[in-house]
Every structure is written in C-alpha cells, then in structure tokens.
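These are my notebook entries on the fold shown below. I set out to record how its helices and strands are arranged.

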Amino acid sequence: MFLCSAACYVSNPQVKPVSPLLCQMPSPTAQGLGPGQEKKIGHRRVDASGETTYKKTTSSALKGAIQLGIGYTVGNLSSKPERDVLMQDFYVVESIFFPSEGSNLTPAHHYPDFRFKTYAPVAFRYFRELFGIRPDDYLYSLCNEPLIELSNPGASGSIFYVTRDDEFIIKTVNAKEAEFLQKLLPGYYMNLNQNPRTLLPKFFGLYCVQCGGKNIRIVVMNNVLPRAVRMHLKFDLKGSTYKRRASKKEREKSNPTFKDLDFIADVPDGLTLDQDTYGALLKTLQRDCLVREREERVRGGGM
C-alpha cells in the first residue's frame, strides 16, 4: 500500500549537483525480446520496440490524457472560491469527457477518447496549499512539458512518471489502493493539521483515466529522489529484518538500493542527530505511527 515503506537516502555534499538536462531517464527498453514478444509485469507491457502500454493504453496516450485532464480540473478549480474543507468533500468525484474532436469544454487532441475523473478536488487543493504548492506551479510542472517515464518501475507492474523539473512523481495504482486512499483522506487531513512535519508520503492528487473500457487510476506524489542530486548510498528501509538484505544482483548495480540488514551492517552506529532534531523526529515518527495504526484498522475493517 501507500504508507508502509520508507527510504533513507544519503547524499554526498562534496559531489556537485548534476544538471537535470544531463540526467534524464532513458526510455524503457525490452532487451532480448524478439519480434512480437513483450515483457509483462502486471498490467504493464513493453514490446520489442520499447513501447510501453498499461491496460492496453499506450504510455504516450496515457501521459497526454493525464496532462489534459489535470490541466482542465486544476484550472477549473482555480475559478472557484477557496473555502474550508467539509466532510463531504472527501467523497466528491468530478468527471469530464475528452472526445478527440474536442468539445465546448475540452480541446481537440490526437489521443483516443477518454474520460477523466478527479477525486476529492477541494480536499487535494487544500493539501497542495498546505504543502506550499501554488496552482500555477502545479500546472506548470505537470502539464508544461512531456512527462518522463521511469525505466525501472519495480515488481508491482505500475507505471511511474516524473515531471521534468523533478518535483512530482505520478504512479498508477490499482482499484483497492485508490479506494484505500479515499478512505484515508479524512484521517490524512487531520494528521496534516496536527502534524505538519509528517514524514508520510505527500499526496497531491488522485485521478482516473477511463479509456478503452479500462480504468487507469493514478496518484500524484512528491518526488523524494530528484535526479539532480547524486546519491552515493541508498537504503530502502521497512523496519523489518526478515529477508531484508539486498540481493547479489542488486549489489552489482552501479547505484544499488540496500535494505535493513545492510543498513545495520554498514551503518552500525546509526545516524547522529543533535538533541533538538532527535526529539522533533521522534515526536513526528510517533504521530505517524498512530496514523499507520489507524490505517491498519481501516484496512482490516476495524473502524
């Protein structure tokens, strides 16, 4: 799910940041595939030419639909006056149809017809404001330039996009994950107000692209690993030691991601923090753990 993992990244302050223009992720490829063959992970497919599809929608069409949809919904919301978030705002779903020939509300485009749904638009507008993200900046990052597809999506079969300015990550999620996030929104709202220093993921929008009879749900989050910052040590920490050691194959990579047992072995003394920072961090973690406990109760039907 969304809130069950954390990452620890250690950057080298002596390494100069690399220009984003020199760090663009390569396009996904399907090495070793013959004509007509494809690589499958969940709903994600990559054919021999490197073309990615998700639920039979090409990545290029999906990126275009995402940008058109977000451009419309955020722009439309900006024309509405700001107000307090109400409980019913967490359950609102707005929908707009984008025919390829255009309409009186939407522009013409060269993608297949699609419908774009926005979940809890007023609530997510509040979240973005709380995180200091202005509507114009949000639109500029997500819609001004083509999105970049990450070439190493992991084992989930999700597609990940990053904006050119490295500010945001867009991830496809399944129906259960999207429904789960919707249920969490009231608690997420309360936590952000009570614990603004939260280390839980920052969610900026939840959307759905309906195309070809399929629902493609996406979530927009903060990018915690910008390409302009070169990492010399990277850990994916789950808080468990069971099978939590990087594989031999992972270790052979130029920039491997280590795990919990590796952290214990490689950083035996842990991280040194001053007393004030340690106290603030511990308090934040305790509050975040309470949110995680509520999350587990929601998932288990205990609330």
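For the entry on what covers helix 2, I count a contact where heavy atoms lie within 4.5 Å, and I call a residue buried when its relative accessible area is under 20%. The model I consulted is predicted.

**Entry 1. Helix 2 and its surroundings.**
I first asked how many residues of helix 2 are buried. Seven of the 10 are, so the helix is largely enclosed by the rest of the structure. I listed the buried positions as Pro-121, Val-122, Ala-123, Phe-124, Arg-125, Phe-127 and Arg-128. I then looked up what covers these residues, and found that the cover includes helix 1, helix 3 and helix 4, together with strand 6, strand 7 and strand 11. Helix 2 lies across strand 6, strand 7 (114-119) and strand 11 (203-211), and I noted a direction of about 140° to strand 11. Just after helix 2, I found Gly-132 with a positive phi of about 80°.

**Entry 2. Helix 2 against helix 4.**
I next took the pair formed by helix 2 (residues 121-130) and helix 4 (residues 175-194), whose axes are 11 Å apart and pack at an angle of about 25°. Because angles under 35 degrees count as roughly parallel, I entered helix 2 as roughly parallel to helix 4. The crossing of helix 2 past helix 4 is left-handed. On the helix 2 side I recorded Phe-124, Tyr-126, Phe-127 and Leu-130, which meet Leu-185, Tyr-188, Tyr-189, Leu-192 and Asn-193 of helix 4. By class, the residues of this contact are eight nonpolar, one polar and no charged.

**Entry 3. Leu-185.**
I singled out Leu-185, which lies in helix 4. Is Leu-185 buried or exposed? Its relative accessibility is 1%, so I count Leu-185 as buried. Leaving aside residues up to four places away in sequence, I found that Leu-185 touches Phe-90, Ala-120, Phe-124 and Phe-127. I also noted the pair Leu-185 and Asp-89, which are 96 residues apart in sequence, while their C-alpha atoms are 9.8 Å apart in space.

**Entry 4. Helix 1 against helix 3.**
I then examined helix 1 (residues 59-78) and helix 3, whose axes come within 10 Å and cross at roughly 170°. Because angles over 145 degrees count as roughly antiparallel, I entered helix 1 as roughly antiparallel to helix 3. Helix 1 contributes Gln-67, Ile-70, Gly-71, Val-74, Gly-75 and Ser-78 to the contact, and helix 3 contributes Pro-135, Tyr-138, Leu-139, Leu-142 and Cys-143. I recorded the residues of this contact as seven nonpolar, four polar and no charged.

**Entry 5. The seven-stranded sheet.**
Turning to the strands, I traced an open sheet of seven strands in the order 6-7-11-12-10-9-8, with antiparallel pairing. Its edge strands are strand 6 (93-98) and strand 8 (148-149), each of which pairs on one side only. Strand 8 and strand 9 pair in the antiparallel sense over two bridges, and I found Tyr-161 in strand 9 as the bridge partner of Glu-149. Helix 3 (residues 135-143) packs on the sheet, where it touches strand 10, strand 11 and strand 12; its direction makes about 70° with that of strand 10.

**Entry 6. Strand 10 within the sheet.**
Which residues of strand 10 are buried on each side? I found Phe-168, Ile-170 and Thr-172 buried on one side, and Ile-169, Lys-171 and Val-173 buried on the other. Strand 10 (residues 168-173) is thus entered as mostly covered, with six of its six residues buried.

I followed its pairing in both directions. Three antiparallel bridges link strand 9 (residues 160-162) with strand 10, and Tyr-161 has Ile-170 as its bridge partner there. The two strands form a hairpin with five residues between them, and in the turn Asp-166 has a positive phi of about 70°. With strand 12 (residues 214-222), strand 10 runs antiparallel and is joined by six bridges. Thr-172 stands opposite Ile-218 of strand 12.

**Entry 7. Strands 3 and 4.**
Lastly, I looked at strand 3 (residues 44-47), along which the side chains alternate. Arg-44 and Val-46 point to one face and are buried, whereas Arg-45 and Asp-47 point to the other and are not. Strand 3 is joined by three bridges to strand 4 (residues 52-54), and the two run antiparallel. I closed the entry with Tyr-54 in strand 4 as the bridge partner of Arg-44.

Definitions and conventions
Residues are numbered from 1 along each chain as its sequence is written. Side-chain values use heavy atoms; hydrogens and water are left out. Axes are lines fitted to C-alpha atoms, for helices over the stretch in contact, and angles run from 0 to 180 degrees between N-to-C directions. Helices (H or I, at least four residues) and strands (E, at least two) are DSSP runs, numbered from the N terminus. Angles under 35 degrees count as roughly parallel, over 145 as roughly antiparallel, 65 to 115 as roughly perpendicular and the rest as oblique. A crossing is left-handed if the near helix is turned anticlockwise from the far one by less than a right angle, and right-handed if clockwise. Ala, Val, Leu, Ile, Met, Phe, Trp, Tyr, Cys and Pro count as nonpolar, Asp, Glu, Lys and Arg as charged, and the others, Gly among them, as polar. Buried means under 20% relative accessible area, exposed over 50%, partly exposed in between (1.4 Å probe, protein chains only). Two strands pair if DSSP finds at least two bridges between them.
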